[in-house]
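Subject: Structure for you to look at, with notes

Dear colleague,

I am handing over the structure below, and I would be grateful if you could look through it with the notes that follow it. Please keep it open beside the text as you read.

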Amino acid sequence: MAMRGLVVFISDIRNCQSKEQEIKRIDKEMANIRQKFSKPQDLNGYQRKKYVWKILYMFMLGYEVDFGHMESVGLISSPRYSEKMVGYMACSLLLREGDELLRLIINSIKNDLISNQDNFMCLAMGSICTVGGREFAETLSGDVQKILLNPMTKVFVRKKAALTLLRLYRKNQDAINPAEIADKVLALLDDSNLGALTCVVGLILGLLAYSTEGWEACPQRAIGLLTRIVMNKEYSNDYLYYGIPSPWLQIRLLRMITFFPPLHPQRDRMLIERLVQVLQRVISTTEVTKNVNKNNATHGVLFEAINVIIHEGKATELLMQAVQLLGRFISIREANIRYLGLETMAKLSQHPECAEDVKRHNSTILFSLKDADVSIRRRALDLVYSMCDYSNCRETIAELLSYLANADFSLREELVLKIAILAERFADDYAWYVDVVLALMKTAGEQVSDEIWYRVVQIITNEEALQKYATENVFKALLDDTRPPNNLVRICAYLLGEFGHLVANEPKMSSHEQFASLHAQWATSDMPTRALLLSTYVKLGHIYPELEGDVARVFNTCRSTLDQELQQRALEYSALSSPGLADLKATVLEMMPAFPERESAVLKRIKVRSNDETGRGRGDIVADKIAREDSAGEAHHTSSGGGGGGGYSDNNDRGDSYGSSGAYGSGGGGNSGYRDESRNDEPRAPPPVTNFNPGAGDGKIKINLPGGRESRSDRAPSQTQWSAPEPAPAPMAAPDLLGGLGDGNGFGGAPADGNGFGGGGFGDFSSAPAPQQPQQAQGGGWDAFGGAAQQQPAPQMQQMQPQMQMQQPQQPVAPATCLLELSNMCTAAEVQSQQDVHDVTDDTKEEMDKYGTVLRLEVIRPPPGSAPSTQVFLLVQFDALDSSAKAFESLQGRTFDGRIVGVRYIAEHEFDARAAAEHQ
């Protein structure tokens with residue numbers, strides 16, 4: 001029976017002539033409902049139901065509703081279906097997951113789940129799927145599981161139970177053990193109702209996305225069901241969609257197969273034969289029609305079948321048929337089919353037996369790069385990238401460079417990245433690789449990322465035969481471009497600073513022309529480029545005495561610039577030219593050593609992007625899990641001993657960042673330091689400052705550097721060769737920190753004493769004792785990021801040889817325990833009050849609860865009077881080793897508020913001691 005009051009109210013709202021009239025009517029009705037709800041004892045179930053319906057209608061119109069929630073909760077416990085339905089509807093709309101009021105309805109939902117009344121169970125499960133969270137999962141998972149596995153459960157209830165259980169499992173994986181119910185759930189696949197099968201298969205796919213353990217029988221079950229549907233046609237007409245039997249169930253069953261390893265050719269021979277029959281039927285009966293809905297269904301099944309063919313990889317005949325079929329699809333007018341055809345062909349191109357057949361469609365694929373639909377252009381670009389190999393790389397890259405000139409700006413960055421990767425991966429001649437990158441810079445300009453020119457410099461530095469060719473061609477490219485992009489100026493500046501002497505005798509490439517051509521770009525360059533130019537100038541002035549005057553004038557101009565980085569470099573480079581620092585200057589400006597071989601940062605970037613877009617495997621489907629790079633890496637900690645920042649800083653997760661506030665010999669009494677904290681899975685990009693350059697007339701110097709590298713110089717012959725002495729027997733926990741020398745006048749900082757050794761000498765980050773030396777210049781020092789280095793006695797002047805090499809012992813790895821120490825998550829400035837400590841504790845516990853039960857959590861603050869930037873440690877104790885291991889794996893290397901989180905296992909006695917000290 002219709003509720004007259006509700007009908008009249010809705011009619012009044014619809015008849016309002018203006019927004020003002022509607023608001024007035026809404027306000028009047030809200031006031032009336034508030035008055036009625038203020039006397040709940042005078043209301044019966046019908047009236048409460050009517051008023052809640054009115055509230056829901058006003059809420060759906062967009063008006064704010066801040067009352068009626070308790071009345072909605074009360075309706076859920078009603079024995080009448082109509083009232084219970086309104087209560088569940090209101091709670092689903094007005095409440096959100098995590099709302100405190102939801103705790104009031106958990107018992108009512110549980111009672112409905114065990115009531116054996118089908119309608120009540122369906123209402124309860126519908127509400128769970130809408131607002132259920134972790135607490136619902138812990139309390140109600142067992143009841144929903146019983147409903148699903150009960151053989152007496154009706155079909156429409158079982159369908160809801162399967163989907164509800166999947167929702168609860170996604171909210172809390174600990175509430176259900178999928179391996180324990182695997183056999184019982186798989187037994188449900190014997191049901192003849194395709195609707196129930198679709199829901200159960202959806203549940204299985206959701207569980208497989210987290211783990212396949214215990215579900216090994218899935219492929220056999222899936223193939224059996226496909227045989228029933230596709231080959232034996234065991235279905236009712238109710239599940240025919242445009243003549244296709246339950247296409248969405250077929251898609252899910254095919255996808256289920258790809259979660260497991262390919263079938264064994266001997267042990268699973270019968271299964272393979274049945275699967276091949278199904279796949280053959282799907283491929284042979286699929287055709288393009290004028291009906292869009294039918295095309296969507298048939299091609300959805302087809303493309304999933306092709307994924308299974310690629311996954312199994314045994315039926316060569318099917319692979320060839322798939323390539324032929326996709327070749328037709330990528331040439332038709334229907335955009336959706338072309339898109340799917342290009343995407344699937346990219347996967348097929350990775351199969352060795354299909355690569356040549358895919359290349360036959362090269363012209364059609366390249367034509368798709370000019371399609372009006374940007375999504376199709378992206379898939380065509382992916383396919384071209386996948387098809388490229390040694391046999392066709394030059395032609396492919398030439399086509400892509402031609403396409404780049406007119407490509408959309410939305411595609412340019414990705415296109416540049418892929419061209420650079422292909423050129424590096426398949427280059428049989430590095431000279432050609434350099435030419436490709438130069439063409440990229442000319443065409444794409446600033447859209448060529450820093451990783452690309454970093455990688456080019458790495459290759460050129462490591463390939464002596466390439467250095468002259470690359471320097472000459474890059475310099476010519478700079479001269480030919482009226483407005484070169486910053487990255488071209490940077491790479492040219494780096495190469496001229498390192499290898500400019502190799503082309504100085506070539507026409508129009510003298511030292512004066514090199515300097516003039518670079519300085520002509522000063523006015524249009526950005527600040528990082530100018531900083532690199534200053535570093536090149538100091539090297540040019542050191543190599544070519546005739547340029548010293550020009551370089552000095554530039555430095556004098558920059559001494560008063562507003563930019564701190566330029567001013568600091570100009571001051572220090574000028575001071576480095578002091579007569580008393582000639583030997584040190586020769587060492588500091590030595591040629592860059594060869595870079596260690598590591599995976600290309602450009603290649604790593606394209607891998608991450610592919611995983612994020614289209615390259616994920618079936619086993620990596622879990623949307624909740626975020627892939628994180630391995631954070632393990634070797635760390636070389638070297639910096640200015642008594643001064644600020646020294647050397648170039650390499651402490652960057654993405655790549656190597658050089659410069660700011662300490663690039664190349666900055667600050668506080670130190671210069672010429674070197675800091676390298678790169679991860680061993682990141683390629684070291686070249687710095688904007690080259691720390692080593694041979695001095696004119698100096699001997700050939702061989703310097704052993706941290707990481708096993710050698711500097712080298714071939715420009716100035718010498719009769720002597722320095723080599724590293726044996727490591728000192730004194731224990732050291734970190735490599736040496738080569739600090740600069742003061743000049744007595746405050747070079748790099750105030751002098752330590754009247755002898756002119758300002759601020760530094762050798763510093764050391766480690767707590768291990770350094771060899772005791774006369775304290776002629778003792779300075780505290782700062783590392784490249786402004787943190788205070790530990791004070792160490794400065795060694796004697798004669799012992800400050802640049803070839804000194806110190807060993808870094810490997811740090812022992814603590815055994816796994818239930819206790820973790822988290823660092824670098826917050827600073828002392830963030831926990832000044834007790835309320836701040838409570839807030840940090842609550843936030844951290846909420847995060848740690850994702851990994852398991854937290855027994856204790858302590859915030860260890862620094863001593864009073866510490867700097868605001870001093871880090872705070874968090875100690876966490878879990879109830880089980882598995883939980884701490886999950887947290888350790890997840891948090892290691894994770895970024896929080898711009899800082900990289902540190903995590904390590906600690907012993908219980910350390911936890912107790914630090915916690916006790918904190919509470920004293």
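The notes below go from the overall make-up of the chain to its cores, salt bridges, one helix and a group of strands.

Please bear in mind throughout that this is a predicted model. The protein chain has 920 residues, of which 52% count as buried, and its secondary structure comprises 35 helices and 14 strands. When contacts between residues at least 6 apart in sequence are considered, 71% of them join residues that are at least 24 apart.

As to the nonpolar interior, the largest core contains 188 residues, and the members that touch the most others within it are Ile204, Trp215 and Tyr537. For Trp215, leaving aside residues up to four places away in sequence, the residues touched are Pro178, Ala182, Val185, Leu186, Ile204, Leu207, Leu208 and Phe260. There is also a second core, separate from this one, which has 23 residues, among them Ile13, Tyr57, Tyr63 and Phe67. As general background, nonpolar side chains tend to be buried together in soluble globular proteins.

Turning to charged pairs, the structure holds 45 salt bridges, and I describe three of them here. In one of them, Arg167 pairs with Glu97, with 3.4 Å between the closest N and O atoms. Because Arg167 belongs to helix α9 (residues 155–171) while Glu97 sits in the loop between α5 (81–94) and α6 (106–113), this pair ties together parts that are 70 residues apart in sequence. Glu97 itself counts as partly exposed, at 42% relative accessibility.

Another salt bridge joins the side chains of Arg378 and Glu414, at 2.9 Å from N to O. Here both partners are in helices, Arg378 in α20 (residues 374–387) and Glu414 in α22 (residues 409–425), so the pair ties together parts that are 36 residues apart in sequence. The two ends fall into separate classes of burial, since Arg378 is partly exposed at 25% relative accessibility, whereas Glu414 is buried at 4%. Both residues also belong to a network of salt bridges that links Arg378, Arg379, Asp382, Glu414 and Lys418.

The remaining pair I looked at is Arg490 with Asp526, whose side chains meet in a salt bridge at 3.0 Å, N to O. Arg490 lies in helix α26 (residues 486–499) and Asp526 in the loop between α27 (511–519) and α28 (527–543), so that parts 36 residues apart in sequence are tied together by this pair. Arg490 is buried, with a relative accessible area of 12%, while Asp526 counts as partly exposed at 27% relative accessibility.

Among the helices, I looked at α14 (residues 269–285), whose 17 residues reach 24 Å from the first C-alpha to the last, which is close to the 24 Å expected at 1.5 Å a residue. Its buried residues are Leu271, Ile272, Leu275, Val278, Leu279, Val282 and Ile283. These cover an arc of only 130° around the axis, and therefore lie on the same side of α14. The cover over these buried residues includes α12 (218–231), α13 (247–257), α15 (292–312) and α16 (316–329). On the face turned away from the buried side, α14 carries the exposed residues Met270, Ser284 and Thr285.

Finally, I looked at three strands that are linked through β11 (residues 871–878). Six of the eight residues of β11 are buried, so this strand is largely enclosed by the rest of the structure. Strand β10 (residues 854–860) pairs with β11 in the antiparallel sense over six bridges, and within that pairing Val854 stands opposite Phe878, while Leu857 stands opposite Val876. β10 is likewise largely enclosed by the rest of the structure, because five of its seven residues are buried. Strand β9 (residues 819–827) also runs antiparallel to β11 and is joined to it by six bridges, with Leu875 of β11 as the bridge partner of Glu821.

With best regards

Note on methods: Residues numbered from 1 in each chain as written. Predicted model: local features only at pLDDT ≥ 70, side-chain atom pairs only at ≥ 80, totals over all residues. Heavy atoms only, no water. Core = buried A, V, L, I, M, F, W, Y, C linked by side-chain atoms within 4.5 Å. Buried < 20%, exposed > 50% of the residue type's maximum accessible area, 1.4 Å probe, protein only. Contact = heavy atoms within 4.5 Å. Salt bridge = Lys/Arg side-chain N within 4 Å of Asp/Glu carboxyl O. Helix = DSSP H or I, 4+ residues; strand = E, 2+ residues; numbered from the N terminus. Expected span 1.5 Å × (residues − 1). Arc of directions from axis to C-beta. Pairing = 2+ DSSP bridges.
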